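Student: Please take a close look at one part of this model, the loop residues with a positive phi, and then show me what surrounds that part. Begin with how burial is judged, since I would like to know the rule before the values.

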Amino acid sequence: MKNILIFILLLCTICNAQDTPNADIAKEIYSPSNKEKLAADAYEVFKTNKFLDFKNRETLIEKIEGAVYKKMDLNDYFPNKKEWDKIEKEDITTFEKESNAQYSYSNNTLTEIKTEFGSYNVRKEIKTIYNSKCFVILYEKKYFVGDNYNRTESIINEYTDDNQVVKITRKTEYPKKENNSQSVIRVKYEDDILNIASENGSILCEFIENKAPAESISKLTPNQTTDYFRYALIQQNIGAAKKHCTEKMAQKIESVLLPYPNITDINSLGGSGSFGEKVTINENWDIILKDNKTEKCNVVLRFVKQKNGWKIDDFEIIKKPL
């Protein structure tokens with residue numbers, strides 16, 4: 001009987017931990033400062049926005065109480081480069097579904113429901129609701145121990161019409177409600193500056209566009225540079241496209257694009273390349289214009305390695321005959 005009581009007490013302790021049995025012990029060992037909590041709040045905002053705030057930006061400056069807390073090179077911020085064109089094109093019709101989940105559509109939203117099983121007979125019922133662009137509106141996780149309901153953890157996100165998150169609400173609710181908790185992060189946008197406020201205080205996040213391309217060291221491969229260059233053309237952002245070019249090519253890029261003033265999309269159909277001290281990439285592109293006309297083209301990009309990374313030294317668009 002004594003052993004059973006000990007087991008029950010141990011089980012209760014595990015179930016009340018957020019994710020691991022050692023959560024409370026970890027809190028005693030290390031308690032983050034308010035500044036670290038604010039930086040984590042900012043990260044939560046960027047994650048909820050699918051990191052779209054970082055697009056075409058070089059530097060992030062975080063300021064707390066008027067002083068610079070961190071200055072970060074965004075080229076090194078993520079372990080893997082983000083596929084911006086893929087992220088922005090994604091919607092609930094192209095969403096990659098999991099085989100162990102159930103899906104339903106309603107009012108231009110997608111609901112995903114799945115169940116996860118853990119140790120000590122713990123079960124998690126997880127519901128995620130996405131808006132039309134696959135941004136998370138609700139993430140809800142209900143915990144059960146056997147047949148007994150333990151708690152619900154949820155994240156509720158509110159967005160502007162262009163999918164910029166303005167409010168993140170985190171809740172933990174228990175059956176008896178005595179230990180319920182809630183925290184809120186609010187976001188205000190002004191050009192390239194975000195003001196993020198929470199119970200921890202406020203943090204200003206300023207995104208700096210690279211004003212001197214020659215001084216910025218690109219760590220992209222030629223293939224990655226091609227992807228970013230193509231994305232800039234889709235956005236009709238010639239300034240961003242020039243960042244991936246040598247000075248010679250930057251001066252003539254607009255004349256090369258003159259026959260294609262109304263690009264709305266570019267589909268890369270693959271191609272070939274030769275690699276060495278100099279690199280040449282040949283690709284087949286479908287260039288889609290505003291009138292839905294599609295131009296089938298072969299493009300040739302020639303790269304040279306400079307002090308600031310691989311740059312496009314020559315770019316040709318060769319229209320294929322009908």
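Tutor: A residue is called buried when its relative accessible area is under 20%, exposed when that area is over 50%, and partly exposed in between, all with a 1.4 Å probe and protein chains only. The model is a predicted one, in which local features need pLDDT of at least 70 and side-chain atom pairs count only at pLDDT 80 or more, while totals for chains, interfaces and linings use all residues. Residues are numbered from 1 along each chain as its sequence is written, and side-chain values use heavy atoms, with hydrogens and water left out.

Asparagine 163 has a relative accessible area of 16%, so it counts as buried. Its phi is near 65°, which is a positive value in a residue other than glycine, and asparagine 163 sits in the loop between E7 and E8 (helices, H or I, of at least four residues and strands, E, of at least two are DSSP runs, numbered from the N terminus). Cysteine 134 invites comparison: it too is not a glycine, yet has a positive phi of about 70°. Cysteine 134 belongs to the loop between E5 and E6, and because its relative accessibility is 5%, it is classed as buried.

The strands that border these two loops also take part in the largest pocket. Strand E5 (122-130), strand E6 (136-145), strand E7 (148-159) and strand E8 (165-173) are among the elements that each supply at least two residues of its lining, which also include helix H3 (34-48), helix H4 (84-89) and strand E9 (181-190). Here a pocket is an open set of points on a 1 Å grid over the protein atoms alone, with protein on both sides within 12 Å along at least five of seven lines, and its lining residues have an atom within 4 Å of a point. The volume of the largest pocket is about 1800 Å³, taken as the space filled by probe spheres set on the points. Its lining numbers 47 residues, and those nearest its centre are Glu44, Lys47, Tyr139, Ile155 and Arg170. H3 gives the largest share of that lining, six residues. By character, the lining divides into 14 nonpolar, 13 polar and 20 charged residues, where Ala, Val, Leu, Ile, Met, Phe, Trp, Tyr, Cys and Pro are taken as nonpolar, Asp, Glu, Lys and Arg as charged, and the others, Gly among them, as polar.

The second largest pocket has a volume of about 360 Å³. Its lining comprises 17 residues, with Leu52, Asp53, Lys55, Glu88 and Gln164 nearest the centre; the lining consists of six nonpolar, three polar and eight charged residues.

Two further buried positions are worth following. Threonine 111 lies in strand E4 (residues 109-117) and is buried because its relative accessibility is 16%. Beyond neighbours within four places in sequence, threonine 111 is in contact, meaning heavy atoms within 4.5 Å, with Gln102, Tyr103, Ser104, Lys127, Thr128 and Ile129. Glutamate 62, in strand E1 (residues 59-64), has a relative accessible area of 2% and is therefore buried. Not counting residues up to four places away in sequence, glutamate 62 touches Ala39, Ala42 and Ile203, among others, and its C-alpha atom is 8.9 Å from that of alanine 42, 20 residues apart along the chain.

Across the whole protein, with its seven helices and 15 strands, buried residues make up 42% of the 322 residues.

How values were computed: 1 Å grid on protein atoms, 1.4 Å probe; cavity = no way out; pocket = protein on both sides within 12 Å on 5 of 7 lines; lining within 4 Å.
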